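With the model open in your viewer, please follow the stops below in order, selecting the residues as they are named.

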Amino acid sequence: MKRIVVVGASAAGLAAAETLRREGFTGPLTLIGDEPHLPYDRPPLSKQLLAARWEPDRLTLRSPEDLGALDLDLRLGVSATGLDRDARTVRLSDGGHVRYDGLIVATGVRPRRLPGHGAHVLRTLDDALALRGRLGRGRRLVVVGAGFLGAEAAAVARGLGCEVVLLEPAPVPLAHAVGAAVGRVLSRAHLEHGVDLRTGITVTEATGSGVRLAGGDLVEADEVLVAVGSVPNTEWLAGSGLTVDDGLVCDEYSAAAPDVYGAGDVARWHNPLFGVRMRIEHRTNAAEQGMAAARNLLRPGARRAFAPVPYFWSDQYDMKIQAHGYLRGHDAIAVVEGDLDERRFVAAYRTGDRLAGALSVGMPPKALRPWRQAIAAGAKWHEVVGETTLAA
């Protein structure tokens with residue numbers, strides 16, 4: 001392994017590069033990032049940065065001095081445009097290319113967009129700053145999509161004095177991820193803070209002065225934020241022979257092919273702890289998978305399966321939401337501590353006959369620790385929860 005290339009300079013790519021050096025790789029190491037900024041943290045974009053409580057320099061993951069100590073061939077403001085696995089080269093948007101013996105793909109995702117024009121998205125530092133500059137008291141913001149990103153942005157905008165309309169196609173926001181009962185609890189917080197939450201609404205386009213609905217009505221706005229999910233950045237892998245299916249398909253070691261590994265939001269890998277293929281768009285997973293991919297790339301004879309208990313968190317108003325496990329596709333939910341109506345509880349999630357996840361609202365981190373341990377141990381539902389359940 002003489003030369004290693006990491007494509008993607010966010011949390012996963014940086015974690016991979018640091019791990020390679022920490023594990024003893026001393027050869028040429030190229031880190032490619034399509035943004036001009038030094039690697040930075042994304043979760044604060046929809047929280048502290050959008051609220052103007054933090055400035056951009058606080059998001060930087062490593063100082064220039066720390067990056068310099070890694071002795072990287074750092075290519076910022078350049079994107080990968082193609083991969084030739086036979087020649088072991090990555091083609092770049094500046095017309096150049098870089099050779100590799102080992103490759104880590106950490107190119108992340110990009111936001112889905114609506115037809116039309118004039119709408120914001122929220123994925124990059126520049127996106128967040130552009131939207132922040134347009135928010136303020138008396139402004140009217142329409143947010144399309146009431147998932148975690150849209151909900152966080154709506155909460156911040158209300159705190160800045162904006163009038164907020166939150167549009168969601170599902171009957172209950174976030175029901176697909178956390179269940180209808182928990183989704184209704186989180187929705188009430190928006191209503192109590194004055195958000196005009198409208199569910200069962202399909203938006204067809206952004207118009208520049210608002211959004212158009214499926215029935216033809218126009219919802220007017222000073223600004224529009226589209227938060228309707230993301231698309232993995234895999235187009236540059238076309239023709240490479242790698243399997244792409246809602247992300248770069250990887251095995252339990254995060255390997256997509258010999259000497260090619262995936263990490264972070266772009267990687268869809270088999271998690272043996274849950275027995276399913278998953279793609280996780282959360283900060284903790286990005287860093288952990290970047291480290292795991294780097295170790296497995298360096299030591300193919302001593303690889304370890306990447307089998308984490310995924311973790312995510314969200315801040316909305318005064319609510320701290322935390323979850324461990326894989327909640328999607330769950331069959332049942334049980335409130336195992338606290339009370340839904342008080343927005344202070346722990347809920348457990350069942351998939352099949354096992355404990356698949358646990359989510360808390362308004363609880364200290366220690367409340368989830370035993371549940372995370374049980375998930376990691378593959379605990380059976382009846383062993384830790386019993387028979388009490390809510391509708392899924």
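Begin by selecting E35, which counts as buried because its relative accessibility is 14%, under the 20% limit that the word requires. This is a predicted model, and in it E35 sits in the loop between strand 2 (29-33) and helix 2 (64-69). Now add L76 to the selection: although 41 residues separate E35 and L76 along the chain, their C-alpha atoms are 6.0 Å apart. If neighbours within four places in sequence are set aside, the contacts of E35 are Y40, R42, L76, G77, T124 and L125, so that displaying these six side by side with E35 would show its surroundings.

Next, move to R268, which belongs to strand 21 (residues 267-271). Which residues does R268 contact, leaving aside its neighbours within four places in sequence? They are D245, D246, L248, V249, C250, R277, M278 and R279. From R268 to D246 the distance is 7.1 Å, C-alpha to C-alpha, with their positions 22 residues apart in sequence.

The following stop is the largest nonpolar core, a set of 43 residues in which V5, V7, L83, V90, L103, V105 and W236 touch the most other members. The largest share of this core, 3 residues, is contributed by helix 8 (residues 369-376). Centre the view on V105, which, not counting residues up to four places away in sequence, touches V7, W236, L237, L248, V260, Y261, G262, A263 and V266.

Then select helix 6, residues 180-192, whose 13 residues reach 18 Å from the first C-alpha to the last, close to the 18 Å expected at 1.5 Å a residue. Colouring by accessibility should pick out the buried residues of helix 6, namely A181, V182, G183, V185, L186, S187, A189 and H190. When looking along a helix it helps to recall that an α-helix has 3.6 residues a turn, so residues three or four places apart point the same way. After helix 6 comes G194, which has a positive phi, near 90 degrees.

Finish at the second largest pocket, which holds about 300 Å³ of space. To find this pocket, select A292, R295, N296, R304 and A305, which lie nearest its centre among the 13 residues of its lining. How does the lining of the second largest pocket divide into nonpolar, polar and charged residues? Its residues comprise 7 nonpolar, 1 polar and 5 charged.

How values were computed
Residues are numbered from 1 along each chain as its sequence is written. This is a predicted model: local features need pLDDT of at least 70, side-chain atom pairs count only at pLDDT 80 or more; totals for chains, interfaces and linings use all residues. Side-chain values use heavy atoms; hydrogens and water are left out. Helices (H or I, at least four residues) and strands (E, at least two) are DSSP runs, numbered from the N terminus. The expected span of a helix is 1.5 Å times one less than its number of residues. Buried means under 20% relative accessible area, exposed over 50%, partly exposed in between (1.4 Å probe, protein chains only). On a 1 Å grid over the protein atoms alone, a cavity is a set of points where a 1.4 Å probe fits but cannot get out, and a pocket is an open set with protein on both sides within 12 Å along at least five of seven lines; lining residues have an atom within 4 Å of a point. Grid points are joined across faces, edges and corners, and a volume is the space filled by probe spheres set on the points. Ala, Val, Leu, Ile, Met, Phe, Trp, Tyr, Cys and Pro count as nonpolar, Asp, Glu, Lys and Arg as charged, and the others, Gly among them, as polar. A nonpolar core is a set of buried Ala, Val, Leu, Ile, Met, Phe, Trp, Tyr and Cys residues joined through side-chain atoms within 4.5 Å. Contact means heavy atoms within 4.5 Å.
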